[in-house]
Amino acid sequence: MFRRKSNSQSDQESDELQHEHKVNKLKDALGPLSGRSLQYCSDACLKRYLEARNWNVDRSKKMLEETLRWRSTYKPEEIRWPEVAIEGETGKVYRANFHDRDGRTVLILRPGMQNTTSLDNQIRHLVYLIENAVLNLPEGQEQMAWLIDFTGWTLSTNVPIKSARDSINILQNHYPERLAIAFLYSPPRIFEAFWKIVKYFLDAKTFQKVKFVYPKNKDSVELMSSYFDVDNLPAEFGGKATLQYDHEEFSRQMVQDDVKAAKLWGFDKPQSNGCGGAEVSPECEYLAPPVS
């Protein structure tokens, strides 16, 4: 005998068909694409933008077009480690050597380790590492996790409001649905004043992904452990592993990843249409793999 599909299964298939329809509508709305934008706007990429805008095609189109313009001028895929290495000397932001339980790339942020004063360079360093985190996502996984360690954090080392706002805007507007969760581990009480301002820069979806964890708060600790194996988690985040940042070793990894990124983007191949290498002509400005 044939079994009838459960309501939940039918609903899921209906949602998938509707989402596929929306993806196709967004493709049509965007019109013909070429170069970087053609590769950038994969189905997975379009789904992320649609998800970020509650599957509203018009709003998703506007958001995606703004990202394409931003990427054509900021060129995040062309940033190379030697350009931002000085920002990483203290390990204030770096890609961890472990993943969460779902295989997500993990970025560790340590605002108390701030070592420079140029806000533009600090944001460029963060953008580089977001791109690197995406580059190192395992197949089938599209999101990253952030762990924020407040050791050494004071108001004097605090990120300026403008820098925080600009960083949040880049993450929300140009890397939608890339962040799965962000754990702020044991922030000091004085951080609450900063948070009261910064939280208004977060859209509703991003706000829901930010979780505060306090060692004496059982629920918050259990939530964090549902994402991370305590054996992999550094002691600074309540785990059993040792957190060590070796700038020279990390730099070697990033240089290797730069080679991988160059191959992914085709920068290592001469192109007859002038799109090869770091010098990119205006006609080719939108050629990109689906990393957004």
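In this predicted model, the axes of helix H6 and helix H11 (residues 247–265) come within 11 Å and cross at roughly 70°. An angle from 65 to 115 degrees counts as roughly perpendicular, and H6 and H11 are therefore roughly perpendicular to each other. On the H6 side, the residues that take part in the contact are Tyr128, Leu129, Glu131, Asn132 and Leu135. They meet Phe250, Met254, Asp257, Asp258, Lys260, Ala261, Leu264 and Trp265 of H11. Sorted by class, this contact holds eight nonpolar residues, one polar residue and four charged residues.

## Overall architecture and confidence

The protein has 292 residues, of which 48% are buried. Its elements are eleven helices and five strands. Of the contacts with a separation of 6 or more, 77% join residues that are 24 or more positions apart.

The average pLDDT of the protein is 88, and 87% of the residues score at least 70. Among the elements, the highest mean pLDDT, 98, belongs to helix H5 (residues 81–84). The lowest, 82, belongs to helix H2 (residues 35–40). Over residues 271–292, pLDDT stays under 50. The model nevertheless has 64 contacts beyond four places in sequence for residues 271–292. Where pLDDT is low, the predicted coordinates should not be read in detail.

## The nonpolar cores

In soluble globular proteins, nonpolar side chains tend to be buried together. The largest nonpolar core of this model has 55 residues. Ile108, Trp146, Leu147, Met224 and Phe228 have the most contacts inside this core. Helix H6 (residues 119–135) supplies the largest share of the core, namely eight residues.

The surroundings of Ile108 can be listed in full. Leaving out residues up to four places away in sequence, Ile108 touches Lys92, Val93, Tyr94, Ala96, Phe98, Leu147, Phe237 and Leu243. Leu147, one of these partners, is itself among the residues with the most contacts inside the core.

A second core, separate from the largest one, has 15 residues, including Leu30, Leu46, Trp55 and Leu64. Leu46 is also one of the buried residues of helix H3 (residues 43–52). The others in H3 are Cys45, Arg48, Tyr49, Leu50 and Ala52.

## Backbone with positive phi

Most residues other than glycine have a negative phi, and most peptide bonds are trans. Against this background, a few residues of the model merit mention. Asn54, just after H3, takes a positive phi of about 55°. Trp55 has a phi near 65°, again a positive value in a residue other than glycine. Trp55 lies in the loop between H3 and helix H4 (57–74), and its relative accessible area of 15% makes Trp55 buried. Farther along, Lys75 has a positive phi near 50°. Lys75 is placed in the loop between H4 and H5. With a relative accessible area of 17%, Lys75 is buried.

## Three residues and their partners

Ala133, Phe194 and Ile190 each have a partner that is distant in sequence; the table gives the separation along the chain and between C-alpha atoms.

| Residue | Partner | Separation along the chain | C-alpha separation |
|---|---|---|---|
| Ala133 | Leu107 | 26 residues | 7.3 Å |
| Phe194 | Val159 | 35 residues | 9.4 Å |
| Ile190 | Leu155 | 35 residues | 8.0 Å |

Ala133 lies in helix H6. Its relative accessibility is 0%, so Ala133 counts as buried. Apart from neighbours within four places in sequence, Ala133 is in contact with Arg95, Thr105, Leu107 and Met144.

Phe194 is found in helix H8 (residues 191–198). At 12% relative accessibility, Phe194 counts as buried. Its contacts, with residues up to four places away in sequence not counted, are Asn158, Val159, Ile161 and Ala164.

Ile190 belongs to the loop between strand S4 (179–185) and H8. The relative accessibility of Ile190 is 44%, so this residue counts as partly exposed. Neighbours within four places in sequence aside, Ile190 is in contact with Trp153 and Leu155.

Note on methods: Residues numbered from 1 in each chain as written. Predicted model: local features only at pLDDT ≥ 70, side-chain atom pairs only at ≥ 80, totals over all residues. Heavy atoms only, no water. pLDDT = per-residue confidence, 0-100. Helix = DSSP H or I, 4+ residues; strand = E, 2+ residues; numbered from the N terminus. Contact = heavy atoms within 4.5 Å. Core = buried A, V, L, I, M, F, W, Y, C linked by side-chain atoms within 4.5 Å. Buried < 20%, exposed > 50% of the residue type's maximum accessible area, 1.4 Å probe, protein only. Axes fitted to C-alpha atoms, helices over the stretch in contact; angles between N-to-C directions. Parallel < 35°, antiparallel > 145°, perpendicular 65-115°, else oblique. Nonpolar A, V, L, I, M, F, W, Y, C, P; charged D, E, K, R; others polar.
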